[in-house]
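User: I would like to practise reading a protein model with you, one feature at a time. Could you take me through this one?

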Amino acid sequence: MISICRYHDISVGHRICGHESHCARLHGHNYRIHFTCTADELDALGRVLDFQVVKERLCRWLEDHWDHRFLVWDKDPLLEGLRALDPSVSVLPCNPSAENMARYLGEVVGPAQLEGTGARLVAVEVEETAKCRARWSL
């Protein structure tokens, strides 16, 4: 299998609702998100997908929906208070851990954003710090 990978950096606030330690507090990270794509066949130019298409469809989605925003779980008891402070919070159907963020990007965002390209997202890595990352893959 031939695959391509492109990463994108974003700054995001979050908290892990119910966390037993300091990650339950409001805080943020400079994330690096890696997208790995493949296709059944290479295109006429020998590519899985032009890297610019990954930028336009996946990286742009990150910029529009998560960059410089606060991610909050739709079941977080602080949701309404956070939304009152800043209506631009991004509400997720899952607690915004790196693992859940990777899975959400891989299972929800990726398929929708890559529809019609002939490529598919096969892995997403969410690097929370230089030492800590989560990976979703097919």
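Analyst: Gladly! Keep in mind that this is a predicted model. Let's begin with strand 6, residues 133–137, where Ala 134 and Trp 136 make up a covered face, while Arg 133, Arg 135 and Ser 137 make up an uncovered one.

User: Which strand does strand 6 pair with, and in what sense?

Analyst: Look for the bridges. Strand 5 (residues 119–127) pairs with strand 6 in the antiparallel sense, over five bridges. The two strands form a hairpin, with five residues between them. For one rung of that ladder, take Val 126, whose bridge partner in strand 6 is Ala 134. Ala 134 also belongs to the covered face of strand 6.

User: How many bridges join strand 1 to strand 2?

Analyst: There are 12, and the pairing of strand 1 (residues 3–14) with strand 2 (residues 27–39) is antiparallel. Strand 1 also runs parallel to strand 3, joined to it by two bridges. Val 12 is a handy residue to click on here: its bridge partner in strand 2 is His 29, and it stands opposite Arg 69 in strand 3.

User: Let's try backbone angles. What is the phi of His 68?

Analyst: The general idea is that most residues other than glycine have a negative phi. His 68 has a positive phi of about 55°, although it is not a glycine. You will find His 68 in the loop between helix 1 (51–65) and strand 3 (69–73).

User: Is His 68 buried or exposed?

Analyst: Here the cut-off helps: over 50% relative accessible area is called exposed. His 68 has 64% relative accessibility, so it counts as exposed. You can practise the same reading on Glu 115, which lies in the loop between helix 3 (98–114) and strand 5. At 61% relative accessibility, Glu 115 counts as exposed. For a distance exercise, the C-alpha atoms of Glu 115 and Gln 52 are separated by 15 Å, with the two residues 63 apart along the chain.

User: Now for a helix residue. Is Met 101 buried or exposed?

Analyst: Buried is the term for under 20% relative accessible area. Met 101, placed in helix 3, has 1% relative accessibility and therefore counts as buried.

User: Which residues does Met 101 touch?

Analyst: Leaving aside residues up to four places away in sequence, Met 101 touches Tyr 31, Trp 66, Leu 71, Pro 96 and Val 126. Val 126 is the residue we saw bridged to Ala 134. As for Tyr 31, it is 70 residues from Met 101 in sequence, yet their C-alpha atoms are 11 Å apart in space.

User: Can we zoom out? What pattern does the protein follow along its sequence?

Analyst: With three helices and six strands, the protein reads β-β-α-β-α-β-α-β-β. Its radius of gyration is 16 Å, close to the 14 Å that the globule rule gives for 138 residues, so it is as compact as a globular protein of that length. Along the principal axes, the C-alpha atoms fill a box of roughly 50 × 30 × 20 Å.

User: What share of the residues counts as buried?

Analyst: That share is 46% of the 138 residues. Contacts tell you about the fold as well: among those between residues at least 6 apart in sequence, 62% join residues at least 24 apart. The accessible surface is about 7,700 Å², and 50% of this belongs to carbon and sulfur atoms.

User: And how many positive and negative side chains are there?

Analyst: There are 16 positive and 20 negative side chains, and the centres of the two sets lie 3 Å apart.

Definitions and conventions:
Residues numbered from 1 in each chain as written. Predicted model: local features only at pLDDT ≥ 70, side-chain atom pairs only at ≥ 80, totals over all residues. Heavy atoms only, no water. Helix = DSSP H or I, 4+ residues; strand = E, 2+ residues; numbered from the N terminus. Rg over C-alpha atoms; globule rule 2.2 N^0.38 Å. Buried < 20%, exposed > 50% of the residue type's maximum accessible area, 1.4 Å probe, protein only. Contact = heavy atoms within 4.5 Å. Areas by Shrake-Rupley, 256 points an atom, 1.4 Å probe, with all protein chains shown as cover. Lys, Arg positive; Asp, Glu negative; His and termini not counted. Charge placed at Lys NZ, Arg CZ, Asp CG, Glu CD. Pairing = 2+ DSSP bridges.
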